[in-house]
Amino acid sequence: MKRVQSACIMQDLVFKQKEDRGFPFEKELELNRAELEQYIKGLEANKTKYIILNKKELENGHIAIRIKKQYNENVSVGDFFD
């Protein structure tokens, strides 16, 4: 029988608004920063271990991140965060 010894998830996420909303650049960036902040607060509220490996604010007001995070609370993250 196999058992997971340690695990993590690596994700590339893009925070952006719906295309049809037509926000100006500054407003789009402001809303996306707020959405990213809420996402991070949610991770912290759930006590999810995470590391943001890369964060880019793109020319169109979108924000792209690469994040490594804990799979779930029942599985160790092992040395993935060392």
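This report describes the sheet, the helix packing and the nonpolar core of a predicted model.

**Sheet architecture**

The sheet is open and consists of three strands in the order 1-3-2, with antiparallel pairing. Strand 1 (8-15) and strand 2 (50-57) occupy the edges; each has a single partner strand, so one side of each lacks a neighbour in the sheet. On average, neighbouring strands are turned by 15° against each other, direction ignored. In general, the strands of a sheet pair through backbone hydrogen bonds, in either a parallel or an antiparallel manner.

The two strand pairings are set out below.

| Strand pair | Bridges | Direction |
|---|---|---|
| Strand 1 and strand 3 | Eight bridges | Antiparallel |
| Strand 2 and strand 3 | Seven bridges | Antiparallel |

Individual residue pairs show the register of these pairings. Between strand 1 and strand 3, Val14 stands opposite Ala64, and Phe15 stands opposite Ile63. On the other side, Tyr50 has Lys69 of strand 3 as its bridge partner. Strand 2 and strand 3 also form a hairpin, with five residues between them. Within that turn, Gly61 has a positive phi of about 95°.

**Helix packing and burial**

Helix 1 lies across strand 1, strand 2 and strand 3. Relative to strand 3, helix 1 runs at about 5°. Strand 3 is itself mostly covered, as seven of its eight residues are buried.

**Nonpolar core**

Which residues make up the largest nonpolar core? This core has eight residues, namely Phe15, Leu29, Leu36, Ile40, Leu43, Ile63, Ile65 and Ile67. The elements giving two or more residues to the core are helix 1 (25-45) and strand 3 (63-70). Helix 1 provides the largest share, four residues.

Several core members also take part in the arrangements described above. Phe15 and Ile63, both core residues, stand opposite each other in the pairing with strand 3. Ile40, another member of the core, touches Tyr50 and Ile52, not counting residues up to four places away in sequence. Tyr50 is thus a point where two descriptions meet: Tyr50 is in contact with Ile40, and Tyr50 is also bridged to Lys69 in strand 3.

Methods
Residues are numbered from 1 along each chain as its sequence is written. This is a predicted model: local features need pLDDT of at least 70, side-chain atom pairs count only at pLDDT 80 or more; totals for chains, interfaces and linings use all residues. Side-chain values use heavy atoms; hydrogens and water are left out. A nonpolar core is a set of buried Ala, Val, Leu, Ile, Met, Phe, Trp, Tyr and Cys residues joined through side-chain atoms within 4.5 Å. Buried means under 20% relative accessible area, exposed over 50%, partly exposed in between (1.4 Å probe, protein chains only). Contact means heavy atoms within 4.5 Å. Two strands pair if DSSP finds at least two bridges between them. Axes are lines fitted to C-alpha atoms, for helices over the stretch in contact, and angles run from 0 to 180 degrees between N-to-C directions.
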